[in-house]
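Here's a quick briefing to read with the model open beside you. We'll go through the helices, the core, the surface and a few backbone oddities.

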Amino acid sequence: MNIKQKDKYILLGLNIAHYRKLNGFTQEKLAEALNLDRTTISKIELATSGVSLDVIFEMCDLFSISPSKLFDFRD
């Protein structure tokens, strides 16, 4: 993760957490659906770890949203 982009990772993590909760997923259930560890989901949401586009696309499929929704950073 590029530290210069930290603010964007934080906003992405907040959006992921928002859509995860909106769709009734716990971190554990989302991790299970994505074949990831729960701590990986936590790190993504807290912006302490980056996330691949493959995982983003899989999340969007689970949430039934377009990827642009996760990258819609409101002020």
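Where does S64 lie? You'll find S64 in the loop between α4 and α5. Keep in mind that this is a predicted model. The notes below begin with helix α4, then move on to α2, the core, a buried arginine, the surface patch and the loops.

**Helix α4**
- Helix α4 runs over residues 53-63, and its buried residues are V55, I56, M59, C60 and F63.
- Those five cover an arc of only 140° around the axis, so they end up on the same side of α4.
- Look at the face turned away from that buried side and you'll see the exposed residues D54 and D61.
- As for partners, the buried residues of α4 pack against α1, α2, α3 (38-45) and α5 (67-70).

**Helix α2**
- Here the buried residues are Q27, L30, A31 and L34.
- Seen down the axis of α2, they fall within an arc of 100°, so they line one face of the helix.
- The buried residues of α2 pack against α1, α3 and α4.

**The nonpolar core**
- In soluble globular proteins, nonpolar side chains tend to be buried together.
- The largest nonpolar core in this model has 16 residues, and those with the most contacts inside it are I16, M59, F63 and L70.
- Helices α1, α2, α3 and α4 each supply at least two residues of this core.
- The biggest giver is α4, with five residues.
- To see how I16 is wired in, skip its neighbours within four places in sequence: I16 is then in contact with I44, E45, I56, M59, F63 and L70.

**A buried arginine**
- R20 is part of helix α1, which spans residues 6-22.
- With a relative accessible area of 8%, R20 is buried, because the cut-off for that label is under 20%.
- Again leaving out neighbours within four places in sequence, R20 is in contact with F25, T26, Q27, L30, E45 and F63.
- Two of these contacts tie back to the notes above: Q27 and L30 are among the buried residues of α2.
- F63, another contact of R20, is one of the buried residues of α4.
- E45 turns up in the contacts of R20 and also in those of I16.

**On the surface**
- L53, F57 and F71 make a nonpolar surface patch of about 300 Å².
- L53 lies in helix α4.
- At a relative accessible area of 52%, L53 counts as exposed, because the cut-off for that label is over 50%.

**Positive phi angles**
- A47 isn't a glycine, yet its phi is positive, at about 60°.
- A47 sits in the loop between α3 and α4 and is buried, with a relative accessible area of 0%.
- S64 comes just after α4, and its phi is near 55°, a positive value in a residue other than glycine.
- Is S64 buried or exposed? At 66% relative accessibility, S64 counts as exposed.
- N35 follows α2 and has a positive phi too, near 60°.

Conventions
Residues numbered from 1 in each chain as written. Predicted model: local features only at pLDDT ≥ 70, side-chain atom pairs only at ≥ 80, totals over all residues. Heavy atoms only, no water. Helix = DSSP H or I, 4+ residues; strand = E, 2+ residues; numbered from the N terminus. Buried < 20%, exposed > 50% of the residue type's maximum accessible area, 1.4 Å probe, protein only. Contact = heavy atoms within 4.5 Å. Arc of directions from axis to C-beta. Core = buried A, V, L, I, M, F, W, Y, C linked by side-chain atoms within 4.5 Å. Patch = residues over 30% accessible without salt bridge, like charges linked within 9 Å, V, L, I, M, F, W, Y side chains within 5 Å. Areas by Shrake-Rupley, 256 points an atom, 1.4 Å probe, with all protein chains shown as cover. Salt bridge = Lys/Arg side-chain N within 4 Å of Asp/Glu carboxyl O.
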